[in-house]
Amino acid sequence: MDALIEVTHVSKHYGPVRALSDVSLHMGRGEIVGVMGPNGSGKSTLISLVVGLARPQSGSVRVLGRDPLHHTTRAELGVCLQDIDFPATLTIFEILRFVAAHYASPIPTARLLDEFGLNDLRKRTPQKLSGGQRRRLAVACAFAGNPELVVLDEPSAGLDIEHRSLLWQGINAFADGGGSILITSHVPDEVQRLSRRVVLLSQGEVVADGPAAEAVRAIGSHRVAFAGTWPDGTSIPVENRATRDGQNITLTNHADSLVADLAQAGVDPRSITATPADLEDVILILAARSRQ
Ligand SMILES: Nc1ncnc2c1ncn2[C@@H]1O[C@H](COP(=O)(O)OP(=O)(O)OP(=O)(O)O)[C@@H](O)[C@H]1O
């Protein structure tokens, strides 16, 4: 595998806060890797290390075989972070052209405006854009240079359904052309549509890395759900308890014995269901664990 991102045994603390702890993530060319995890699990910190905006206290970060801040690395890297700001007096068209000028073989600005649904807005200045329109401009800036690697931190936040779908098309077209993408998201459907590989972060640690189904199984293959209150007398630890659709849920790789345990502990058997777990269940359980 031709390594594009090599994050190796990285730890990052903010004072007493442990944001990342011994995290490794190696990503090859042509991959789309989705990073998921509950709020505060370390996704943005990981992104900031990859794009060179922060340095780890230990471990190493290499992008395209070099320091992320090296000028040759940055000329092959497109980035959209959560906090966005633009030059106030330039138009959308001018901003895109300005960003594109930094790269060797950028995407023609007219095509970019089309692909991100910004054509009608090309003469406006950023203050006159809605939140979703600003987000689309920021994402378009990340692709403007047609770089080797695009890093997107929650790119679909605030986008309506139509523009989310446009974004997905743009991401897939970029990957079809050989581009690589590291993306964080809170939307399981988005990650599963786009990436064949999901990295799950919990409390600053990688707890799963692989295809979505494998990542889910690493936490628990089945969701066992039931109504009522959590019963005494089962072995379900507090950090494995969450709520989904008004039901108590827990994840397990031993659904049959857990269902029997619950019934034994007095839960109405008619309310108990065991179904394959999904990424949303996993995030709920990881969030519960981080509250303990
Ligand atoms: N500049 C900072 N100073 C102090 N603590 C920070 C700073 N940036 C992040 N943190 C803390 O580091 C941890 C990881 O934060 P990070 O923003 O990486 O999480 P995240 O997974 O991106 O969260 P979210 O889903 O809410 O965006 C959190 O506990 C957060 O409060």
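Q: How many residues of the shell around the ligand are nonpolar, how many polar and how many charged?
A: In this predicted model, the shell divides into three nonpolar, seven polar and one charged residue. Tyr 14, Val 17 and Ala 19 belong to the shell, and they are its nonpolar members because Tyr, Val and Ala count as nonpolar. Lys 43 also lies around the ligand, and Lys counts as charged. Gly 37, Gly 40 and Gly 42 are among the shell residues; they are classed as polar because Gly is counted with the polar residues.

Q: Which elements give two or more residues to this shell?
A: Strand S2 (17–28) and helix H1 (43–50) do so. The largest share, three residues, comes from H1. Lys 43, Ser 44 and Thr 45 are in the shell and fall within the bounds of H1, 43–50.

Q: What makes Ala 255, Leu 258 and Leu 262 of helix H9 count as buried?
A: These are the buried residues of H9 (residues 255–264). A residue earns that description if 20 or more other C-beta atoms lie within 10 Å of its own C-beta atom, so each of the three meets this cut-off.

Q: Why are the buried residues of H9 said to line one face of the helix?
A: Viewed down the axis of H9, they fall within an arc of 65 degrees, so they line one face. That buried side packs against strand S10 (222–226), strand S12 (247–252) and strand S13 (273–276). The face turned away carries Asp 256, Ser 257 and Gln 264, which are exposed. After the helix comes Gly 266, with a positive phi near 105 degrees.

Q: Which residues have the most contacts inside the largest nonpolar core?
A: They are Val 50, Ala 140, Val 151 and Val 282, in a core of 81 residues. Helix H5 (residues 131–143) supplies the largest share of this core, seven residues.

Q: Why is this core said to lie between domain 1 and domain 2?
A: Domain 1 (3–215) and domain 2 (221–276) both give residues to the core, so it lies between them. The C-alpha centres of the two domains are 37 Å apart.

Q: Which residues does Val 50 touch, leaving aside those up to four places away in sequence?
A: Val 50 touches Ile 5, Val 7, Val 61, Val 63, Pro 68, Val 151 and Leu 182. Each of these counts as a contact because the two C-beta atoms lie within 7 Å.

Terms used:
Residues are numbered from 1 along each chain as its sequence is written. This is a predicted model: local features need pLDDT of at least 70, side-chain atom pairs count only at pLDDT 80 or more; totals for chains, interfaces and linings use all residues. Domain bounds come from an automatic or database domain assignment. A residue is buried if 20 or more other C-beta atoms lie within 10 Å of its own, exposed if 12 or fewer, and partly exposed in between; C-beta atoms are placed from the backbone. Helices (H or I, at least four residues) and strands (E, at least two) are DSSP runs, numbered from the N terminus. The arc is that of the directions from the helix axis to the C-beta atoms. A residue is near a molecule or strand if its C-beta atom, placed from the backbone, lies within 6 Å of it. A nonpolar core is a set of buried Ala, Val, Leu, Ile, Met, Phe, Trp, Tyr and Cys residues joined through C-beta atoms within 7 Å.
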